[in-house]
Amino acid sequence: MNQSLVSLSISCFNNAWVVARNTCFSIPLSLCLASKTEILLVSQVIHQMVKEMRFDSNPLSLYKNKHNHVFVKFAVSFVLLGLAFRLFVSDSIRFSSVNFESQQTQIHVEEANTGPPVPSAPPIKPISADFHPNETHISSNQEKCDLFTGEWIADPSGPIYSNVTCHAIEGHQNCMRNGRPDSGYLYWRWNPRDCELPRFNPERFLNFMRNKWWAFIGDSISRNHVQSLLCILSQVEQAVEVYHDEEYRSKRWQFPSYNFTLSVVWTPFLLKAEVFEDINGVSSSEIRLYLDELDTKWTEQYKNFDYVVIAGGKWFLKTAIYHENNTVKGCHYCPGKNLTELGFDYAYRKALQLVLSFVTRLDQKAFVFLRTTTPDHFENGEWFSGGTCNRSVPFKEGEVEMRDIDCTMRDIELEEFGKATGIGAEKGVTLKLLDTTSLSLLRPDGHPGPYRQFQPFAKDKNAKVQNDCLHWCLPGPIDSWNDLLMEMMVDGING
């Protein structure tokens, strides 16, 4: 009988100790430090008694000890159980209090949001691989956030790909392979002033793009842009090239696991044009540009596209003869031709009007981005007259001004886009302005410069080589354009 009572008392003690210990360790130390001390003091007494019983060699003494201490053990066990209960109750009360405070805080925040928005940056949401199309990606006040006003900030993490992990980089943009000696241009990211811009998540993007088709329509900057996207997506799956034109300017890729198609359609004017120049830009005659006809290279494919990024650009600055209504209307920079000088801005406005009219009146309800013009950073000349771009860090706001040509082109883009958005909304077409001009202006360090060629100074350190201060190194600043694209896409879905 006594032996059973002893075993029972020891078992009660052990169980009580485990309950008290687990409860105490699950809450902050400050709430249970005194209780732990009490438990430990009592446990020392019990363990001393058990030790005496176990190591006493006299059987009669052992029986006597068990008989004398059994009721004490019962009492101690109940004390320990009481302590455990007290800790459990304290813990429950504490968590109830925290939950109540949390609810009160949430109420205050919601009430505060009913007033004017506070211009503070909301926290970044963690990005998961699963895409939730109804999730607000940046903040509940996304419409108040200008993604395109901000600054470039240092980013020690650098790009998510390199010229080793991505095989889609064209030679002219492969600055690391071509021998560019500095790498500081890789460690910056675009930071909007009033919100946080998450990094592009390639797996999440591909999950959303299942059974979709995305096209980039424009000139070589559009091709530069699509290569950046390919490199980012290649960290999840390598694209399979399924088509290219004779000059490798227009291409199409597929991502088999997602049945996702990605295209770039080279059409530098977006309009029907007859171009008489070779791959190096050497012209044998003036360009003939038809201002009332779109280029069928992209319009005939348009019905297949779910998402498109459309952009014009620097090709409109070239000498061209303008045709309209089957007659020669005038020209841009055609001295000696006895034609009316209409200017590049006339042709560019006509092109954007025709393009935006086309995408808003069709039954095909694609998600359309209009990307604004890309500034170059040639200094001490142009691309054909020895211009260079040797800067190694971004500009800060106010350190550089946009050139008149870029201002004119961007003003036209904003005006024509503004006119088209209302029509698009009535027709169920989503139009978004990818306004990369100002943020790109701040990155004179991101171009290939002389490293558009492989090891240009290997034989002669003072060699004079042509610089590229328009296109972007890969990896490079253009990767941030895709961060913006994904954010705008998610916001468009949610909106």
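Ser220 is buried, with a relative accessible area of 19%, and the opening exercise sets this residue in its surroundings. The model is a predicted one, in which local features need pLDDT of at least 70 and side-chain atom pairs count only at pLDDT 80 or more, while totals for chains, interfaces and linings use all residues. Residues are numbered from 1 along each chain as its sequence is written, and side-chain values use heavy atoms, with hydrogens and water left out.

**Ser220 and its surroundings**

Task: state in which helix Ser220 is placed, and which residues it is in contact with once its neighbours within four places in sequence are left aside.

Solution. Begin with the secondary structure, where helices are DSSP runs of H or I with at least four residues and strands are runs of E with at least two, numbered from the N terminus; on this basis Ser220 belongs to helix H5. Next, classify its accessibility: buried means under 20% relative accessible area, exposed over 50%, and partly exposed in between, with a 1.4 Å probe and protein chains only, so Ser220, at 19%, is buried. Finally, taking contact as heavy atoms within 4.5 Å, the partners of Ser220 beyond four places in sequence are Trp266 and His471.

**The largest pocket**

Task: find the volume of the largest pocket, the residues nearest its centre and the helix that gives the most to its lining.

Solution. On a 1 Å grid over the protein atoms alone, a pocket is an open set of points with protein on both sides within 12 Å along at least five of seven lines, and lining residues have an atom within 4 Å of a point. The largest pocket has a volume of about 1,500 Å³, the volume being the space filled by probe spheres set on the points, which are joined across faces, edges and corners. Its lining consists of 48 residues, and Trp315, Lys318, Trp383, Leu470 and His471 are those that lie nearest the centre. With 5 residues, helix H5 (residues 220-233) contributes the most to this lining.

**Salt bridges across the chain**

Task: count the salt bridges, then give the closest N and O distance for the Lys337 pair, the Glu379 pair and the Arg403 pair.

Solution. A salt bridge is a side-chain nitrogen of Lys or Arg within 4 Å of a carboxyl oxygen of Asp or Glu, and the count by this rule is 19. In the pair of Lys337 and Glu286, the closest N and O atoms are 3.3 Å apart. This pair links distant parts of the chain, 51 residues apart: Lys337 lies in the loop between strand S11 (327-332) and helix H7 (344-361), and Glu286 in the loop between strand S7 (271-274) and strand S8 (287-294). Both ends are partly exposed, Lys337 at 39% and Glu286 at 24%.

Glu379 pairs with Arg391, their closest N and O atoms being 2.9 Å apart. Glu379 and Arg391 both lie in the loop between strand S12 (367-371) and helix H8 (404-427), so the pair ties together parts 12 residues apart in sequence. Glu379 is partly exposed at 29%, as is Arg391 at 37%.

For Arg403 and Glu382 the corresponding distance is 3.4 Å. Both residues sit in the loop between S12 and H8, so here parts that are 21 residues apart in sequence are tied together. Arg403 is partly exposed at 32%, and Glu382 likewise at 28%. Elsewhere, salt bridges that share partners join Arg349, Glu415, Glu416 and Lys419 into one network.

**Strand S10 and its partners**

Task: decide how many residues of S10 are buried, and in which direction S10 runs with S8 and with S11.

Solution. Strand S10 (residues 320-324) is mostly covered, with 5 of its 5 residues buried. Ala320, Tyr322 and Glu324 point one way from the strand, whereas Ile321 and His323 point the other way. Two strands pair if DSSP finds at least two bridges between them; S8 and S10 run parallel, joined by 4 bridges, and Leu289 stands opposite Tyr322. S10 and S11 run antiparallel, joined by 5 bridges, with Thr327 in S11 as the bridge partner of Glu324. The hairpin of S10 and S11 has 2 residues between the strands, and in it Asn325 takes a positive phi near 55°.

Conventions:
On a 1 Å grid over the protein atoms alone, a cavity is a set of points where a 1.4 Å probe fits but cannot get out, and a pocket is an open set with protein on both sides within 12 Å along at least five of seven lines; lining residues have an atom within 4 Å of a point.
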